[in-house]
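Hi everyone, thanks for making the time this morning. Let me put the structure up on the screen, and then I'll walk you through the parts I picked out.

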Amino acid sequence: MGRTDLAPFTVLHVCMGNICRSPMAERLLARAVRERAGDADGAPLLRSVSAGTGGWHEGEEMNPPAARLVRARRGTDENFLARKLRGDFIDEADLILTATADQYDYVVALRPDAAARTFVLGEFGRLLGAVDTGALPPAEPKPEAVHARGTAIVEAVAELRGVEAAQPADDLDDPWGRGDQTFQRVADEIEDTTMPLAALLLP
């Protein structure tokens with residue numbers, strides 16, 4: 001791993017333009033963790049960030065339907081600005097979740113050593129339920145404990161994946177330019193992973 005510090009546990013969400021899927025995942029995971037434990041002594045328990053494989057929206061706010069949906073689900077879209085993915089973003093992350101298998105390939109081409117901690121979001125969520133929770137480090141609402149438990153979860157999911165490729169159904173559809181119903185469905189699919197991940201980090 002590229003990380004040298006121990007806390008907070010950092011999750012990097014990746015999609016194409018970083019204005020719809022990955023910012024929704026960034027903010028919905030942050031909200032799920034915050035609701036389970038808040039901040040421990042003012043220290044963030046988890047760092048949830050995002051970036052896009054393309055830079056054409058760099059510096060832009062979240063796509064309005066995505067921002068509305070995040071707010072409706074008790075998250076915040078404040079201070080969000082789209083970023084283009086860089087190698088150092090990957091180096092800083094303990095877990096990288098991509099919207100699609102193509103974006104997984106992009107991340108791993110940029111940083112081959114990140115393959116074991118990079119997953120398609122739906123793939124990670126699909127495998128998460130099979131993690132042996134009894135083998136994980138103790139859960140505490142402290143940054144160091146969340147980091148240790150998160151790292152162990154990532155290693156366990158990587159072992160469960162083995163050499164199997166992600167399934168087509170693991171991909172998130174791109175809702176950009178489509179109706180609110182599509183955004184709702186994509187947000188539901190995001191939360192099918194972010195909610196169980198938050199619950200496993202902080203049961």
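V11 has S48 of β2 standing opposite. That pair belongs to a parallel pairing of β1 with β2, joined by seven bridges. Before I go on, please keep in mind that this is a predicted model.

So where do these strands sit in the sheet? The sheet is open, has four strands paired in parallel, and follows the order β2-β1-β3-β4. The edges are taken by β2, residues 46-52, and β4, residues 118-120. Each of those two has a single partner strand, so one of its sides has no neighbour in the sheet. From one strand to the next, the twist averages 25°.

Let's step across the sheet from β1. Its pairing with β3 is again parallel, over four bridges, and V14 has T98 as its bridge partner in β3. Going on from β3, three bridges lead to β4, and these two strands also run parallel. Here I96 is bridged to T118 of β4.

Now stay with β3 for a moment. Which way do its side chains point? As general background, side chains in a regular strand alternate between the two faces of the sheet. In β3, L95 and L97 point one way, while I96 and T98 point the other, and all of them are buried.

What packs on this sheet? One helix is α1, which touches β1 and β2, and its direction makes about 175° with that of β2. Another is α4, residues 101-110, which touches β1, β3 and β4. The angle between the directions of α4 and β4 is about 165°. Together, β3, α4 and β4 form a β-α-β unit, and it is right-handed.

On to the interior. In soluble globular proteins, nonpolar side chains tend to be buried together. Here the largest nonpolar core has 46 residues, and the members that touch the most others are M24, L95, F124 and I153. Which elements supply at least two residues each? They are β1 (9-15), α1 (21-37), α2 (64-72), β3 (95-98), α5 (121-128), α6 (143-161) and α7 (180-201). The largest share, eight residues, comes from α7.

M24 is a nice one to click on. Leaving out residues up to four places away in sequence, M24 touches A66, L69, V70, F183, V186, A187 and I190. Apart from the largest core there is another, with 11 residues, including A51, L85, I96 and V107. You'll remember I96 from the bridge to T118.

Last, two backbone details for those of you who like to check torsions. N18 is not a glycine, yet its phi is positive, near 60°. You'll find N18 in the loop between β1 and α1. Is N18 buried or exposed? Its relative accessibility is 0%, so N18 counts as buried, the cut-off being under 20%.

R74 also has a positive phi without being a glycine, at about 70°. Its place is the loop between α2 and α3, the latter being residues 87-91. With a relative accessible area of 52%, R74 is exposed, because the cut-off for that is over 50%.

That's my tour, and I'm happy to turn the model around on screen for anyone who wants another look.

Notes
Residues are numbered from 1 along each chain as its sequence is written. This is a predicted model: local features need pLDDT of at least 70, side-chain atom pairs count only at pLDDT 80 or more; totals for chains, interfaces and linings use all residues. Side-chain values use heavy atoms; hydrogens and water are left out. A nonpolar core is a set of buried Ala, Val, Leu, Ile, Met, Phe, Trp, Tyr and Cys residues joined through side-chain atoms within 4.5 Å. Buried means under 20% relative accessible area, exposed over 50%, partly exposed in between (1.4 Å probe, protein chains only). Contact means heavy atoms within 4.5 Å. Two strands pair if DSSP finds at least two bridges between them. Axes are lines fitted to C-alpha atoms, for helices over the stretch in contact, and angles run from 0 to 180 degrees between N-to-C directions. A crossover is right-handed if, with the strands pointing away from the viewer, the path from the first strand over the helix to the second runs clockwise.
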